[in-house]
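Subject: Structure handover

Hello,

Here is the structure I said I would pass on. Please look it over first; my notes follow below it.

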Amino acid sequence: MKFTAQLGMGLVGATLLAMSFSATSQHAFNNADKAVEYRQKALSIMQNNFAVMGDMVKGDIEFDGVIFAERATDFAALSAIPWIGFSQPGAQPGNNTDALPAIWDNWDDFVERAEQFQNDAKALQEAAAAGDQGDIRKAFMAAARNCKGCHDQYKD
């Protein structure tokens with residue numbers, strides 16, 4: 001009986017250890033600073049793509065449907081990437097960041113905005129693929145409003 005109890009406790013301990021290892025290995029960060037760097041780089045690349053599209057929408061540079069569609073595809077692909085970098089322990093808000101503590105105080109709202117952002121990015125990609133500049137502009141403006149709203153609320 002004593003052996004069975006020890007075996008059971010050992011299995012429970014091994015299971016808990018495996019579960020905690022798998023939970024901590026679900027991200028690519030070995031510390032909070034890496035999580036901040038990851039999310040900042042992802043957001044920076046998204047901003048670079050968005051800026052070119054914005055210049056085309058505003059008429060600052062000539063509209064090129066092929067380039068716009070490529071940028072929109074990249075933007076949509078990147079739209080799901082940065083968010084894990086906000087949930088890393090210690091990266092709240094983290095060092096050398098403009099992220100405000102309001103993100104974690106209003107986590108559900110932040111997550112909802114991130115999900116809507118991904119939907120907006122996908123809609124922009126679809127509009128760009130279809131090629132109608134009126135629809136592209138509407139989709140771009142929806143994504144821009146989402147970006148601005150989040151920045152106004154959660155970025156210093």
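Where is Gly-94 found? Gly-94 sits in the loop that runs between H4 and helix H5 (102–105). Please keep in mind throughout that this is a predicted model.

A few more words on that glycine. The relative accessible area of Gly-94 is 23%, and because buried means under 20% and exposed over 50%, Gly-94 is classed as partly exposed. In sequence, Gly-94 and Glu-37 are 57 residues apart. In space, the distance between Gly-94 and Glu-37 is 9.6 Å, taken from C-alpha to C-alpha.

Now the chain as a whole. The protein chain has seven helices and zero strands, and its pattern along the sequence reads α-α-α-α-α-α-α. The chain contains 156 residues, and 31% of them are buried. Take the contacts between residues at least 6 apart in sequence: 73% of these join residues at least 24 apart. As for the surface, about 9700 Å² of the protein chain is accessible, and carbon and sulfur atoms account for 56% of that.

Next, the largest pocket. The volume of the largest pocket is about 750 Å³. Its lining is made up of 32 residues, and those closest to the centre of the pocket are Leu-43, Gln-47, Cys-147, His-151 and Lys-155. Three elements each give two or more residues to this lining: helix H2 (32–58), helix H6 (107–130) and helix H7 (133–154). H2 provides the largest share, with eleven residues. Sorted by class, the lining of the largest pocket holds 19 nonpolar residues, seven polar ones and six charged ones.

The last item is a serine. Ser-79 is located in the loop between helix H3 (65–78) and helix H4 (84–87). Is Ser-79 buried or exposed? Ser-79 has a relative accessibility of 2%, so it counts as buried. What does Ser-79 touch, leaving out residues up to four places away in sequence? The residues in contact with Ser-79 are Met-46, Phe-117, Gln-118 and Ala-121. There is also a polar atom in the side chain of Ser-79 that lies 2.7 Å from the backbone oxygen of Ala-76.

To recap the two loop residues: Gly-94 is partly exposed, whereas Ser-79 is buried.

Regards

Note on methods:
Residues are numbered from 1 along each chain as its sequence is written. This is a predicted model: local features need pLDDT of at least 70, side-chain atom pairs count only at pLDDT 80 or more; totals for chains, interfaces and linings use all residues. Side-chain values use heavy atoms; hydrogens and water are left out. Helices (H or I, at least four residues) and strands (E, at least two) are DSSP runs, numbered from the N terminus. Buried means under 20% relative accessible area, exposed over 50%, partly exposed in between (1.4 Å probe, protein chains only). Contact means heavy atoms within 4.5 Å. Accessible areas come from the Shrake-Rupley method with a 1.4 Å probe; for residues, only the protein chains shown count as cover. On a 1 Å grid over the protein atoms alone, a cavity is a set of points where a 1.4 Å probe fits but cannot get out, and a pocket is an open set with protein on both sides within 12 Å along at least five of seven lines; lining residues have an atom within 4 Å of a point. Grid points are joined across faces, edges and corners, and a volume is the space filled by probe spheres set on the points. Ala, Val, Leu, Ile, Met, Phe, Trp, Tyr, Cys and Pro count as nonpolar, Asp, Glu, Lys and Arg as charged, and the others, Gly among them, as polar. A polar contact is a pair of N or O atoms within 3.5 Å; within protein, one must be able to donate a hydrogen and the other to accept it, and residues adjacent in sequence count only if both atoms are side-chain atoms.
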